[in-house]
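Please look through the sequence and the model below before reading on. The paragraphs that follow go from one helix to the packing inside the protein, and then to a second helix.

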Amino acid sequence: MVLDMVNLSVLKIIEPYRKWIIENPQLLSDMENTVQYLPYFTAGQFNNSTFVSELLYSFSNLIVLFNDLLMCGGKCVHLKFSQFESKIKIWLTVIEYTEVLCEISAKKLWGQTGRWFIIIVIQIFKTMLRLLLIHLYKERVIKSPPIQPLNREKLNDSHNNQLKEGFALKRSGTIVRSVRGATCPSMRTWEPLFSNDNDDDNLSKPTSGKNLALAETLYIMKPLFHLGCISFTGEKYWPPWLLSLTIDLLSLKLINNEAESILFSKEEEKEFFRRRIGLLLYILKSPFYDKYSCIRIYAILTALSTKVPLAKFLTEPIKKYLPHWQNTYFYMWSS
């Protein structure tokens with residue numbers, strides 16, 4: 001009873017804000033983009049600039065996620081999962097936005113031991129949730145993040161066009177056809193105004209081959225395999241690096257084989273492209289970075305700063321913060 005009253009009070013407080021973001025999606029996007037750029041400007045400006053930058057990054061992305069969920073509740077009522085599946089995707093998205101912040105915080109509070117403990121806990125939790133999505137809820141591909149940011153401009157245009165043919169119910173936001181907006185009888189359809197043929201294919205779960213499930217399982221388990229290998233060899237040695245690269249290549253090979261018989265959606269293709277681009281980041285991961293690419297990257301940056309006018313204003317900050325970025329972001333256990 002008390003919990004219901006609290007929920008009702010929170011909904012009453014949030015409702016005006018929800019209506020405002022639905023009516024002003026472009027202004028909201030501009031504000032969110034401004035906040036998301038702040039971490040780049042705070043780097044190196046404070047004693048705890050790393051923590052501040054990660055805090056701003058996590059906060060800005062969580063705000064975008066919160067606004068997207070409110071907008072989905074208001075006018076994207078067709079974007080629905082089962083209740084538990086939806087919670088899994090929300091939790092995974094929140095973890096992806098905050099895991100680096102958690103690692104940095106744990107290192108400050110408890111040192112390297114605390115950092116590694118948090119890393120292991122986070123990766124086990126992420127792996128379990130992702131495997132549930134693949135094998136229990138039959139997701140074909142796990143996107144990163146699982147809940148993608150909404151296309152606000154397209155969403156608003158679609159919503160306005162649909163409102164010309166109907167009206168939105170106050171409580172649920174469901175669009176209902178109106179008599180005035182009805183077309184001539186010969187051109188009428190009985191499809192809902194918000195159909196399920198959205199670009200976001202969260203609803204579509206067609207059957208997939210065993211190789212695709214195997215490829216996703218390997219990709220999901222990669223961080224745990226890598227961490228297990230590190231526990232035997234150490235952090236900056238070749239076996240963990242080679243193991244992760246092999247798993248990534250094998251996973252992509254299996255996906256390419258399945259592409260001949262399965263039609264992938266645009267969102268799935270984007271995820272596969274992101275993973276292929278991720279292979280290039282192996283040159284920034286230890287030990288390859290320490291032994292080969294570090295010297296060459298610094299040589300290129302130095303040459304640019306001396307030969308290209310004004311380039312040093314860009315290359316010098318990169319040279320200064322590259323070691324920090326390499327140690328903070330280019331770790332192998334993150335998928």
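Tyr289, Ser293, Leu301 and Ser305 are the buried residues of helix α9, where buried means under 20% relative accessible area, exposed over 50% and partly exposed in between, with a 1.4 Å probe and protein chains only. Helices here are DSSP runs of H or I with at least four residues, numbered from the N terminus. The model is a predicted one, in which local features need pLDDT of at least 70 and side-chain atom pairs count only at pLDDT 80 or more, while totals for chains, interfaces and linings use all residues. Residues are numbered from 1 along each chain as its sequence is written, and side-chain values use heavy atoms, with hydrogens and water left out.

Part of the cover over the buried residues of α9 comes from α10 (312-329). Helix α9 itself bends by about 40° at Cys294, the bend being the angle between axes fitted to the seven residues ending at a residue and the seven starting there.

From this helix we can turn to the packing inside the protein. The largest nonpolar core has 10 residues, among them Val141, Leu212, Ile255 and Phe272; such a core is a set of buried Ala, Val, Leu, Ile, Met, Phe, Trp, Tyr and Cys residues joined through side-chain atoms within 4.5 Å. Helices α6 (210-233) and α7 (238-258) each supply at least two residues of this core. A second, separate core of 8 residues includes Ile88, Ile134, Ile142 and Ile220.

Helix α6 also holds Glu216, which is buried with a relative accessible area of 0%. What does Glu216 touch, not counting residues up to four places away in sequence? Its contacts, meaning heavy atoms within 4.5 Å, are Ile134, Arg140, Val141, Ile142, Ile255, Phe272 and Arg275. Of these partners, Ile134 is 82 residues from Glu216 in sequence, yet the two are 7.7 Å apart in space, C-alpha to C-alpha.

Phe272 and Arg275 lead on to helix α8, since both are among its buried residues, which also include Glu267, Glu268, Glu271 and Gly278. These residues lie on the same side of α8, because they cover an arc of only 145° around the axis, the arc being that of the directions from the helix axis to the C-beta atoms. The face turned away from this buried side carries the exposed residues Lys266, Lys270, Phe273 and Leu280. On the buried side, what covers the residues of α8 includes α6 and α7.
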